[in-house]
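Thanks for coming, everyone. I have one chain to show you today. Let me put it on the screen.

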Amino acid sequence: MLHMVEWKVRLYLSENEGTTKARVVVNTGTTTLTGHGTAHCNPEDADVPEIGDELAAGRALHDLGQQLVSTAERDIKGLGVPATGRGARPAAGWPV
């Protein structure tokens, strides 16, 4: 059976006095989750806003990713399926 859904993801960035803040929101249609991230410019470094944007956005996306994985793990646990734990997952690629 083919399963296809569309999730809306929005990324918001703001900068104030050398600190870039990111907020990423995903709406699955039934749930909304929000990830947050920040980046601080060292006063001795050149001011390159793109780097702060990338760091803050990456951290917000990482936070959101962790929330999605935690939600899925709770849902699996709620179904009574035994957890395999993080160590049982392959480090990268497909299991062999």
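A word on contact before we start: when I say two residues are in contact, I mean heavy atoms within 4.5 Å. And please keep in mind that this is a predicted model.

Let me use that definition straight away, on T20. T20 sits in strand β2. Is T20 buried or exposed? Its relative accessibility is 4%, and the cut-off for buried is under 20%, so T20 counts as buried. What does T20 touch? Set aside the neighbours within four places in sequence. Then the contacts are L13, S14 and E15, then G37, T38 and A39, and finally G52, D53 and A56. Let me place some of those numbers. Strand β1 covers residues 8–16. Strand β3 covers 32–40. Helix α1 covers 49–78. Keep those ranges in mind as we go round.

Now the whole chain. The count is one helix and three strands. In sequence order, that reads β-β-β-α. The chain has 96 residues, and 16% of them count as buried. The exposed area is about 7,900 Å², with carbon and sulfur atoms supplying 57% of it. What about contacts over distance in sequence? Take the contacts between residues at least 6 apart. Of these, 34% join residues at least 24 apart.

Next, the sheet. It is open, it has three strands, and the order is β1-β2-β3. The pairing is antiparallel. Which strands stand at the edges? They are β1 and β3. Each has a single partner strand, so one side of each has no neighbour in the sheet. From one strand to the next, the twist averages 15°. As a reminder, strands of a sheet pair through backbone hydrogen bonds, either parallel or antiparallel.

And the helix? Helix α1 lies across β1, β2 and β3. Against β3, α1 runs at about 145°.

Let's zoom in on the first pair. How many bridges join β1 to β2? Nine, and the two strands run antiparallel. Strand β2 takes in residues 19–27. Here are two positions to find on the screen. R10 has V25 as its bridge partner in β2. S14 stands opposite K21, also in β2.

Stay with R10 for a moment. R10 belongs to strand β1. R10 is exposed, at a relative accessible area of 54%. Beyond four places in sequence, R10 is in contact with R23, V24 and V25. Now compare sequence and space. R10 and V26 are 16 residues apart along the chain, yet their C-alpha atoms are separated by 6.6 Å.

Now the turn. β1 and β2 form a hairpin, with two residues between them. E17 lies in that loop. What is the phi of E17? Positive, about 50°, although E17 is not a glycine. Most residues other than glycine have a negative phi. So this is a spot to look at on the screen. E17 is also exposed, with a relative accessible area of 77%.

The other loop I want to show lies between β2 and β3. G29 is found there. G29 is exposed too, with a relative accessible area of 65%. G29 and K8 are 21 residues apart along the chain. Their C-alpha atoms are separated by 8.4 Å.

K8 brings us to charges. Side chains of opposite charge can pair when their charged atoms come close. How many salt bridges are there? The count comes to one. The side chains involved are those of E6 and K8, at 2.6 Å from N to O. Both E6 and K8 are exposed.

Last stop, the surface around there. Which residues form a nonpolar patch? V5, W7 and V9. Together they have about 300 Å² of accessible area. V9 is in strand β1.

To recap, then. Three strands make an open sheet in the order β1-β2-β3, and α1 lies across them. T20 in β2 is buried, whereas E17 in the turn is exposed and has a positive phi. The E6 and K8 side chains meet in a salt bridge. Happy to go back to any of these on the screen.

Notes
Residues numbered from 1 in each chain as written. Predicted model: local features only at pLDDT ≥ 70, side-chain atom pairs only at ≥ 80, totals over all residues. Heavy atoms only, no water. Patch = residues over 30% accessible without salt bridge, like charges linked within 9 Å, V, L, I, M, F, W, Y side chains within 5 Å. Areas by Shrake-Rupley, 256 points an atom, 1.4 Å probe, with all protein chains shown as cover. Salt bridge = Lys/Arg side-chain N within 4 Å of Asp/Glu carboxyl O. Helix = DSSP H or I, 4+ residues; strand = E, 2+ residues; numbered from the N terminus. Pairing = 2+ DSSP bridges. Axes fitted to C-alpha atoms, helices over the stretch in contact; angles between N-to-C directions. Buried < 20%, exposed > 50% of the residue type's maximum accessible area, 1.4 Å probe, protein only.
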